[in-house]
Amino acid sequence: MIKMKKDSLTINHGFTLVELLVVISVLGILASIVLVSFGGSQKQARDTQRKSDLKQYQNSLEAYANKSNGFYPQRTSATVASTTLCNDLALTTCPKDPKDPTYFYYYISDGSGVAGSASGTKYVLWASLENTTGFWVVCSNGKSAVSVSAPYSSTCPI
């Protein structure tokens, strides 16, 4: 009869240093891939917010025109929508850019008389885009699309 000692069979539980380093490396690579793709998604989300904000301004302008015999607030030079247009439309809350409050939405219209008076017959709203080169433009004729250059008059560039 052969006797075996209990001490001769030892079982080690745990991971080696190499195994831990491989797992940490793989997690680091996966995290960097996720972060890179997340940046593009954030830009796209901010562009979508900008488009939505311009649509809110457009809705407010149309409501204003319904109360003003079909005329829009007159601004013959490009103005910052969050200050001048909000005052013209008597809005209590004005959309501002989701990334940077110094990054503006712009408004221009035709018409004559005092700036802000209801004499404009057409307008253009626009904002710079982050994820796409160009500007998102919304016109009084109902068109909205990307333009390669910023509008310089109330004539729709798209």
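This briefing describes the salt bridges formed around E130. The structure is a predicted model, in which local features need pLDDT of at least 70 and side-chain atom pairs count only at pLDDT 80 or more, while totals for chains, interfaces and linings use all residues. Residues are numbered from 1 along each chain as its sequence is written, and side-chain values use heavy atoms, with hydrogens and water left out. Six salt bridges are counted, each defined as a side-chain nitrogen of Lys or Arg within 4 Å of a carboxyl oxygen of Asp or Glu.

**Contacts between E130 and helix α1**

- E130 and R46 are joined by a salt bridge with an N to O distance of 2.7 Å, and this pair links distant parts of the chain, with R46 in helix α1 (residues 17-67) and E130 in the loop between β5 (123-128) and β6 (135-139), 84 residues apart.
- R50 also forms a salt bridge with E130, with the closest N and O atoms 3.1 Å apart, and R50, in helix α1, is 80 residues apart from E130.
- Helices (H or I, at least four residues) and strands (E, at least two) are DSSP runs, numbered from the N terminus.

**Contact with K99 and the network**

- In the salt bridge between E130 and K99, the closest N and O atoms are 3.4 Å apart; K99 lies in the loop between α2 (81-89) and β3 (106-109), so the pair ties together parts that are 31 residues apart in sequence.
- Through shared partners, salt bridges join R46, D47, R50, D97, K99 and E130 into one network.

**Accessibility**

- With buried meaning under 20% relative accessible area, exposed over 50% and partly exposed in between (1.4 Å probe, protein chains only), R50 is buried at 1%, E130 is partly exposed at 21%, and K99 is exposed at 53%.
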